[in-house]
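This report describes how two chains fit together and how their parts are arranged. Please read it alongside the sequence and the structure shown here.

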Amino acid sequence: MFGKNLITILIIGTLISASGCFSGRRGKGDAIKIQGAGSSFVNPLMQKWVSEYGKLNSNVRIDYQSIGSGGGVKQVKERTIQFGATDVAMSDADLKSAPSEIIHIPVILGAVVLTYNLAEVSQTLRFSPATIADIFLGKITRWDDERIKADNPDVALPSAPLTVVHRSDGSGTSAVFTNYLSKVSPEWKEKVGEGTSPSFPVGLGGKGNEGVTGQIKQTPNTIGYVELAYAVKNKMPVGEIKNKAGKYILPNFATVTNAAAESINETPDDLRVSLTDAAGADAYPISSYVYVLIYKDQPDEILGKTLVDFLSWGINDGQRFAESLYYAPLPQEMVKRTSTKIALVSHNGKSLRTQ
Amino acid sequence: MPKSLHTDNLNGNGSEMGSNRKLFSSDNIYRFSLTACAALILLIVAAMLIVMTQSSWLSIKEFGFGFLVGQVWDPIKGEFGALPFIYGTIVSSVIAVLIATPLSLGVAVFLVEQAPKSIARPMGFLVELLAAIPSVVYGLWAIFVLAPFLREYIFPPLQTTLGWLPFFKGTPTGIGMFTGGIILAIMITPIITAVVRDVLEAVPVTQREAALALGATKWETTRIVLANASSGIAGAVILGLGRAIGETMAVTMIIGNRPQISASLFDPAYTIASVIANEFTEATGDLYLSALIEMCLILFIVTFIVTALAKLLILSVSRKTQNIA
């Protein structure tokens, strides 16, 4: 009995001390390990980038964890990871409370789309900003409401109750969508406001893009908002939205990239910009950047250098993976501006950019 | 402690370990490890309570008692109230237990008292298998199968016959409190069934034989067996209730996630566990996080109170039935 116990204890002890050896410091020839975390929206692209970049640089191991934008920002501020990713740019207050200067690197573009379940209607529905706000404020409760009819004069809308579906979990998708509504509707701005967990006046809450997609697909006469990728992958109808120039625009890679290109002059030096309600005839009005967050002054030279190289690769070569994963690529001008931004990343005052 | 005294004596008599025998005798080590295990449970509970109270202190200070009765949950404006969530948690769990208890009793009695072994064995195995299915699977099934089914075939006739009751008003979308309660019932039925079956099997055969010998019918015999097993059955129901209160994924996917108190069971609702799962990852700001952690604390306390109440209630009921038996 005792002998057996002793052996077990010895085995456990050996295991513990062995695992201790592995967590030791990095030696020469060892893999360079970089840890990132944040936005779940950008996760499929990040995993693709990590694996493709890993093929080119066998000594680098990057690990990206999809824990949500809020978590990414938090962990960057606590310096537990080398880079974070977020769907929403950090606020001024957030940046101020960080231990050192954080820079925003736009890596890809996303869009939030309106999708609906109306079996009787085969045409693509059109929505003006005021109509969208009224639907999500609970002021439009039926599909044959005059305001929806006015946007869609040629469509025979069913006389059915309209059910709103929104995200119940905190998400960048909700933040982008409510940011748009706050810009186009003063009433929305005052009553609900913008944020990752808005308190919607009406509707059902679905968990995650998949939860919202599932509820819309399964419940007749519903309308909701999801990331473009989810609507495309699930072959759901997507509404055209009237943009600032007065044109009804269908979301796709071109119109989303357009929104970024049209906003390039309004984009400030720190690259934090809201693309919602963008100007330009062919700009989709609910587009947004996904940002990677890194410290301008990198504490570790090797890690910093690798990180800078990875991000430079991502915004140049990495863009070609965007469309197959349903993201919109950055416009050329933005790639240039982002490159100059990455060149500012330094270690002890020395730029880490190799090219 | 008379038991331990007894073992000490036994040790002393047959010892071969020399002067250290009192401290390092196998029985002492055995007893010590058992005590340590038991103490660990208490420590974990205490540690959780302390950490949760500490982390939610900001919110407790800010809202005080108002947090428990507040009905608004608006992270953007920084207003937090827990009442709709407490209501949703309790009502959905009660619906689940009300549906699951008779169902599980029926299945368990069938397995133990009626079914031939060739059916009881595989069915018992199936029940245990159901208990092991991850809740996210139940949730997906609920979205794609249960909710549309209830919306098309169950809710409309329910509304036409019982629509005058406040519980069945409004448009049934298939997603809401009632569907949440039903999916919970389906999830806790296997657990209650499995435990009740084991409890019924533990009732001595002699009792059944005695009842039958006295001329009791099968139904009367079963009633006697059930009465004798009542405390075990109570335990099974409480176990189910506990799981229903804490269940997160499946409910979140189907309950509609709307913090409101509505009499109609067709309306969307929200539970404490769901709001924590939904909002914790993206919660920014100290007060928001603190409010969410206070929700954890409330869930902890609600579970404690509801379980205690259920235990008291069932204890009083089982005393009565035992008197009848």
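In this predicted model, 26 residues of chain A are in contact with 25 residues of chain B. On the side of chain A that touches chain B, helix α3 (69-77), strand β7 (204-206) and helix α9 (208-218) each supply at least two residues. Sorted by class, the residues on this side of chain A divide into five nonpolar, 19 polar and two charged.

Chain A itself has 13 helices and 13 strands, and its C-alpha atoms fill a box of roughly 75 × 60 × 35 Å when taken along the principal axes. Of the 355 residues in chain A, 46% are buried. Among the contacts in chain A with a separation of 6 or more, 71% are accounted for by residues 24 or more positions apart.

Both chains carry a domain assignment, and the table sets out the bounds together with the separation of the C-alpha centres.

| Chain | Domain 1 | Domain 2 | Separation of centres |
|---|---|---|---|
| Chain A | residues 33-110 + 288-351 | residues 111-266 | 29 Å |
| Chain B | residues 3-55 | residues 59-324 | 37 Å |

In chain A, the centres of domain 1 and domain 2 lie 29 Å apart, and the contact between these domains takes 19 residues from domain 1 and 18 residues from domain 2. On the side of domain 1 of chain A that touches domain 2 of chain A, α3 (69-77), β4, β11 (287-295) and α13 (332-342) of chain A each supply at least two residues. This side of domain 1 has 10 nonpolar, six polar and three charged residues. Helix α3 of chain A is thus listed here, and α3 of chain A also supplies at least two residues of the side that touches chain B.

Within chain A, strand β8 (residues 222-227) has six of its six residues buried, so β8 is largely enclosed by the rest of the structure. Strand β4 (residues 102-117) of chain A runs antiparallel to β8(A) and is joined to it by six bridges, with A:Val113 standing opposite A:Val226 in β8(A). Strand β6 (residues 163-167) of chain A, by contrast, runs parallel to β8(A) and is joined to it by three bridges; in this pairing A:Val165 stands opposite A:Gly224.

Elsewhere in chain A, three strands form an open sheet of mixed pairing in the order β5-β9-β10. Strands β5 (126-127) and β10 (248-249) stand at the edges with a single partner strand each, so one side of each is left without a neighbour in the sheet. Two bridges join β5(A) to β9 (residues 240-242) of chain A, and these strands run parallel; A:Phe127 stands opposite A:Ile241 in β9(A).

Which residues have the most contacts inside the largest nonpolar core? This core has 156 residues, and those with the most contacts inside it are A:Val292, B:Ala142, B:Ile183, B:Ile188 and B:Ile254. Helix α9 (residues 177-202) of chain B contributes the largest share of the core, 15 residues. Leaving aside its neighbours within four places in sequence, B:Ile254 is in contact with B:Gly139, B:Ala142, B:Ile143, B:Ala147, B:Ile175, B:Thr179, B:Gly180 and B:Ile183.

Terms used. Residues numbered from 1 in each chain as written. Chains lettered and ligands numbered in written order. Predicted model: local features only at pLDDT ≥ 70, side-chain atom pairs only at ≥ 80, totals over all residues. Pairing = 2+ DSSP bridges. Helix = DSSP H or I, 4+ residues; strand = E, 2+ residues; numbered from the N terminus. Domains from an automatic or database assignment. Buried ≥ 20, exposed ≤ 12 C-beta atoms within 10 Å, placed from the backbone. Contact = placed C-beta atoms within 7 Å. Nonpolar A, V, L, I, M, F, W, Y, C, P; charged D, E, K, R; others polar. Core = buried A, V, L, I, M, F, W, Y, C linked by C-beta atoms within 7 Å.
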